[in-house]
Structure formats: structure tokens, C-alpha cells
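Let's walk through this protein together, with the bench in mind. Keep the viewer open as you read, and pick out each element as it comes up.

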Amino acid sequence: MRSNHIKRFLSAALLLTFMAPSGLSQASICQAYESYTDAMVLAGDVKLTDKNESITLSLRDSDVKQVLRMFADKAGMNVVFHSSVSGKVTLDLVNMPINDAFALVLQVAGLNYYTQNNTLIVIAKNNADNAAFSKQEMLVFPVKYVNAAKIADFLNRNVFGMKKAGLSSVDAATVNTATNELIVFGMKSDAAIVEKVIAQLDREPLNKTFVVNHTTPAEMANMICDMLLPSRGSSGSGGGGGTPSIIPPTPGVGTGGAAGIVTGGAASSSEDELKLGEGVVACTVATSTAATATASPFDVQNLSISYFPQRGTITLMGGSEAQLEMIERFIKENDIKQQQAYLEVSIIELNEEGSKEFNNTWNIDSKNWIFSFSSDKTSIGRTSGQGGRYVTVPGPDGKDIIVPKSSNAYISWQLNYLIQNTKGRVLANPKLLITSGQESVIDLTQDYVEKVTSEFLSSTASGSGASGSVQRTYTIGKDQGIKISLTPFISPEGYVTMNIKPNYATVAREVTTPTEVAGETDLQATLLSRRNLDLKNIRIKDGETLVIGGLIQEDDQKVVKKIPILGDLPIIGVAFRSSDTTKKKSELVIMLTPRIINDDEGAVADTL
């Protein structure tokens with residue numbers, strides 16, 4: 001006896017052990033479902049009788065018409081069968097409400113029903129005659145916040161398109177675009193499900209505005225659109241499990257929230273951007289495709305990201321609470337204070353230029369003629385004017401001059417020796433505020449004429465040349481001078497690491513070509529001499545000075561001219577030679593001194 005009690009106890013314990021996980025799991029599922037308040041059953045309100053008595057019924061392979069006659073008799077209604085009704089059903093029902101049992105038989109047999117007064121009309125749900133029976137009334141529903149056309153499409157695809165008993169089996173929903181009203185051509189039983197769908201979807205869009213403190217609104221909006229949203233596979237606002245996508249802004253025209261989703265101007269400053277007041281729509285999150293063939297996406301309240309440059313704010317419109325919370329966290333994590341530094345820049349150019357010129361000119365003068373020769377020119381004088389008392393002789397600068405003719409022969413020697421030295425210093429001392437991670441540019445360049453092109457418009461040909469009007473086109477260059485680009489990275493330890501690109505260009509020489517006009521030339525090209533550097537990760541401590549030197553440019557030029565044979569003689573040959581020596585030297589020195597700005601103010605993204 002005692003052994004039997006022990007066995008029973010062990011069996012009961014073992015049974016409880018196996019039942020416990022299943023019971024807990026079922027309870028947790030039911031609790032989770034009950035806590036989900038947004039659940040809505042998409043089914044027709046099948047109502048055969050107001051009494052809704054319970055029935056118990058057991059049938060095997062019974063003709064569906066006979067079964068439905070039983071239900072009609074029970075409800076006290078007449079019944080009419082369409083020619084499309086056929087088939088058999090098998091069922092076992094115990095104490096089930098008659099309305100629920102009637103709905104199950106219609107669903108299993110693929111049938112739908114309509115009522116007219118006290119008559120029940122049964123028809124196959126796929127038959128085309130459903131349209132004639134279902135359009136019994138015109139029902140009008142106002143829609144406030146969203147596009148009524150989107151709700152109509154959702155109803156036609158996902159509710160009426162399911163062809164469930166008690167609902168219209170055709171596309172019964174349409175819209176009045178002028179008033180944004182939803183119109184349903186159907187039955188009174190359709191009104192209940194339509195009202196539920198509108199209450200679920202026609203909600204005031206979520207709206208939240210954030211103040212951006214340490215970045216620009218355009219930069220933050222672009223980061224949200226380009227970085228955050230594409231990386232979240234569940235960030236689309238549409239239903240039906242569609243694939244979310246980021247729609248870039250394109251120009252559009254809208255008449256308010258009910259007129260559809262309108263994307264505005266691009267985040268960059270382009271001519272095509274659409275501004276809403278002073279705001280710019282950066283992007284919109286939408287659902288592009290449906291997850292299944294039986295359920296269509298619903299993107300009536302897409303998430304829209306816009307920014308207001310003058311206010312310094314970002315506004316989120318539409319979407320879900322989860323999306324807004326995710327974006328709010330992203331803004332707080334990334335709207336942080338960027339470290340800055342005060343940078344003193346000294347740009348010094350040291351110029352040194354020297355030249356030495358040595359020229360010899362010999363003149364032999366007699367009663368009837370004069371002979372002049374130098375290292376680069378030989379000429380014979382001519383009598384000129386007033387009975388031959390004057391002659392034309394070459395001058396020191398190469399131009400002929402008229403001097404009195406002497407009656408006696410003589411020899412003269414002209415010596416020209418000139419030394420020039422020039423020193424100069426060009427200094428620029430800009431001061432600027434630099435931000436960590438942001439490129440700064442110091443541009444001290446100037447415009448210059450790079451090329452000149454002449455076009456001869458009209459001419460009169462002659463033996464000596466051509467004459468007419470000339471039109472000149474000037475090509476302007478913009479990079480002569482110094483330009484410094486630098487990107488700093490400021491560390492909390494008090495160091496500034498910079499990428500520095502100093503570019504310095506000066507005019508080396510000009511290339512000219514002759515034109516059609518006699519004696520005139522065109523500037524064919526301007527050749528620049530450049531001194532460029534590209535320095536990476538140059539580390540400077542706070543308050544210390546970085547000196548960039550050694551950008552030296554030198555130009556030595558020496559020209560020697562001499563009289564043949566005489567200029568090659570030893571010792572005395574120097575009197576028959578001329579020389580011109582030019583030396584240019586310039587050095588560019590750049591000094592950078594950063595001073596980190598310490599600010600204890602924290603980074604906070606405020607919500608309006």
C-alpha cells in the first residue's frame with residue numbers, strides 16, 4: 001500500500017515537471033499579446049442573428065448548401081444561393097455561437113454573404129458578381145493627418161483584397177482628393193473594420209525638434225541620413241515588413257500633410273532645393289517593396305529629417321517613437337564640442353637680388369666718317385644735315401644720336417661699369433581659429449594674366465602689312481602667391497597634429513609670339529615657379545612654434561659679349577668684352593604657433 005502511494009507521488013511530480021515549461025511559455029505568450037495594445041483583428045463582422053445562440057453540430061461530407069440552410073432556419077432568415085456555390089463540409093461543433101460557426105463554414109467553403117432585408121445571399125468570394133452585391137451604400141470617412149489615398153490602397157490590398165466573409169470582396173475604397181476623405185462603396189459591415197483601420201493609422205505625426213549646439217544642422221542631418229538610417233535595417237516606417245530605403249530630396253509640391261509625402265531641397269546649397277520657410281528637407285525614410293505578395297507596404301507616415309540653418313535646429317517628422325529615440329541618442333552622442341586652437345602664422349619671404357654690368361664701346365672719328373664698335377654692335381656713321389657738319393653715331397643705349405663732326409680724327413673709349421644690390425622682406429602675419437578635424441585655408445594668392453589671344457577682325461592688305469581692329473581675349477590665372485591648407489587634430493594631452501600643404505608660386509618668365517599686327521606680340525603663356533610641400537602628421541605642442549624653412553630658390557645668370565678676335569686677346573681683351581651678371585635668391589619661411597583653447601562647457605543636445 002505504501003509502495004503505491006510513493007509511485008503515485010513520483011508520477012504526479014514527473015507530470016508537473018514536464019508540464020511546467022509549456023505552461024510558463026504559454027502564459028508568457030498570452031501576457032505579451034495582451035500587453036500589445038496596437039493589435040487589430042482584420043476580419044469581417046459576421047452577424048447572422050442578434051441572439052447568437054450556441055449550437056452543437058456534427059456532420060460528415062455534407063452539402064454546404066444544406067448546412068447553410070440549417071443556419072438560415074436557425075436565424076429565421078430566407079436564403080438564396082448563387083450559382084457559384086458548391087462543395088461539401090465536415091464539421092464537429094460543440095457549444096459554439098451560431099455567428100462564429102456560420103463564419104467558419106463560409107471561410108472553409110470559400111464563400112461570402114450579403115443580406116437584403118431578411119434574405120441571406122450566399123456567393124463564392126472569387127466570383128465577379130460580388131461587386132454588384134457589395135456596393136450597397138456609400139460610406140464617407142474623414143481623414144485628418146495622413147493621405148487618404150494611402151489608406152484606401154491599404155484597405156483594398158490588405159483588407160478587402162483578403163476576401164474574408166462579412167466584408168466586400170472587391171476594391172471598395174476610394175478617395176475624395178479635394179477634401180481628403182475616404183469613400184467606401186460597400187456594406188454596413190465594412191464600416192466597422194474601416195473605422196478601426198483609420199483609428200489605427202490616421203494619427204497625428206510625431207514631431208520633435210532638437211537644438212544642435214556644436215555642429216551645424218546641415219552636418220548633423222546629413223550624418224543621420226547617410227550614416228544612422230541606412231545602417232538600421234528596421235528603420236523603415238512602413239508596415240508589411242517592407243525594405244526601408246532613404247529617399248534623397250527632390251523638388252516637389254504639396255498641399256499639407258494630407259496631400260502626400262513631399263521631399264524638399266537637397267542638404268547642399270543647390271539651385272533645385274525646396275525650402276519650407278527657412279528649413280531644408282534632408283531625407284525621408286520610406287518602405288520600397290512588400291515583404292509578401294499578399295500584404296502591401298504602408299508608408300503614409302514616413303520619417304522626414306529636416307534642418308533649419310538660421311535657427312540651429314533639426315526637426316524629425318513622422319516615423320515611430322523607437323526611431324525618434326534612436327535619432328535622439330545619435331544626436332546626443334555626436335553633437336559634441338570640437339576642440340579649437342588659436343593659430344598664429346608668420347609667412348616671411350627674404351629676397352636678395354644683385355647684378356653687375358660691364359660694357360666697352362670704341363669710337364673712331366675722322367673728318368668724313370665715324371666708326372663705332374662694341375661687344376654687341378658695330379656701325380659706321382653718316383653725315384647728316386647742314387653741309388655735312390653733323391654725323392649720326394650710336395649712343396650708349398644703342399640708339400643713334402646726332403653729334404657735331406670733328407675736322408680731326410680721334411679715338412674714344414667708353415666704359416660702363418654698374419653694380420646693383422637689392423634686398424627685401426615680405427611678411428604676412430595672419431591669425432586664425434582652427435577646429436579639430438576641419439580644414440582651414442590661408443589664401444594669399446593674386447590674379448595674373450596667364451595668356452593673351454588676339455583676333456584680327458578686319459584688315460586691308462598692303463605691301464607693308466595689314467591694318468584693322470584687333471580683339472584681345474585675356475586668360476586670368478588665380479594661383480600666383482602663397483596658399484596654405486592645414487587640417488589640425490587636437491588631442492586632450494595638449495598636442496596639435498596637423499597636415500600642412502603650403503603652395504607658393506611666382507612668375508618665372510613669359511612666353512610671347514608675334515601677331516598679324518606688325519611690331520606687336522601676344523602673351524602665349526606665363527610660366528610659374530612653384531615651391532610646394534605636403535607635410536603629414538606634424539606634431540606640435542601647445543604654445544610651441546614650428547618653423548618650415550629651406551624653401552630656397554636661386555637664379556644665377558651671366559651673359560658675356562665680345563668683339564671677335566680682340567675680345568679673345570690676353571690682358572687687353574677685357575677692354576673689348578662686355579658682361580652682364582644677375583643673381584637672384586629668395587627664401588620662404590613659415591612659422592606656426594598653436595595655442596589650444598580650453599573650455600569647460602559640456603556638450604548637450606537640447607530638445608524643444
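## The disulfide

The S-S bond of Cys225 and Cys283 has a torsion of about -85°, so this disulfide is left-handed. The link ties together distant parts of the chain, with Cys225 in helix 7 (residues 217-228) and Cys283 in strand 12 (residues 279-287), 58 residues apart. The two sulfur atoms lie 2.0 Å from each other, and a disulfide here is a pair of cysteine sulfur atoms within 2.5 Å. Searching the whole structure turns up one disulfide.

Are these two cysteines buried or exposed? Cys225 counts as buried because its relative accessibility is 4%, and Cys283 is buried too, with a relative accessible area of 2%. Buried means under 20% relative accessible area, exposed means over 50%, and partly exposed is in between (1.4 Å probe, protein chains only).

## What you are looking at

This is a predicted model, in which local features need pLDDT of at least 70 and side-chain atom pairs count only at pLDDT 80 or more, while totals for chains, interfaces and linings use all residues. Residues are numbered from 1 along each chain as its sequence is written, and side-chain values use heavy atoms, with hydrogens and water left out.

The protein has eight helices and 30 strands; these are DSSP runs numbered from the N terminus, helices being H or I of at least four residues and strands E of at least two. Of its 608 residues, 36% are buried. About 35500 Å² is exposed, and carbon and sulfur atoms supply 52% of that area (Shrake-Rupley method, 1.4 Å probe; for residues, only the protein chains shown count as cover). Among contacts with a separation of 6 or more, 68% are between residues 24 or more positions apart, where contact means heavy atoms within 4.5 Å.

## Two open sheets

Strands of a sheet pair through backbone hydrogen bonds, either parallel or antiparallel. In this model, two strands count as paired if DSSP finds at least two bridges between them.

Start with the open sheet of three strands in the order 2-5-4, which has mixed pairing. Strand 2 (78-81) and strand 4 (111-116) are at its edges, each with a single partner strand, so one side of each has no neighbour in the sheet. On average, neighbouring strands of this sheet are turned by 25° against each other, direction ignored. Strand 4 runs antiparallel to strand 5 (residues 119-124), joined to it by six bridges; Thr115, for instance, has Leu120 in strand 5 as its bridge partner.

Another open sheet of three strands has the order 6-8-7, with antiparallel pairing. Here the edges are strand 6 (137-142) and strand 7 (173-176), each with a single partner strand, so one side of each is left without a neighbour in the sheet. Its neighbouring strands are turned by 30° against each other on average, direction ignored. Four bridges join strand 7 to the antiparallel strand 8 (residues 181-186), and Ala173 has Val184 in strand 8 as its bridge partner.

Helices lie against these sheets, as the table shows. The angles run from 0 to 180 degrees between N-to-C directions, with axes fitted as lines to C-alpha atoms, for helices over the stretch in contact.

| Helix | Strands touched | Angle |
|---|---|---|
| Helix 2 (residues 64-75) | strand 2, strand 4, strand 5 | about 160° to strand 2 |
| Helix 3 (residues 98-109) | strand 4, strand 5 | about 130° to strand 4 |
| Helix 5 (residues 148-158) | strand 7, strand 8 | about 170° to strand 7 |
| Helix 6 (residues 188-201) | strand 6, strand 8 | about 15° to strand 6 |

## The nonpolar cores

In soluble globular proteins, nonpolar side chains tend to be buried together. A nonpolar core here is a set of buried Ala, Val, Leu, Ile, Met, Phe, Trp, Tyr and Cys residues joined through side-chain atoms within 4.5 Å.

Which members of the largest core touch the most others? They are Leu68, Phe71 and Phe102, out of 28 residues. Strand 1, helix 2, strand 3 (88-97), helix 3, strand 4 and strand 5 each supply at least two residues of this core, and helix 3 gives the most, with six. Beyond its neighbours within four places in sequence, Leu68 is in contact with Phe81, Phe102, Val105, Leu106, Leu111 and Val122. Another core lies apart from this one and has 23 residues, including Ile347, Ile442, Ile490 and Val496.

Finally, find Ser62 in strand 1 (residues 54-63). Ser62 counts as buried because its relative accessibility is 17%. Not counting residues up to four places away in sequence, Ser62 touches Val67, Gly87, Lys88 and Val89.
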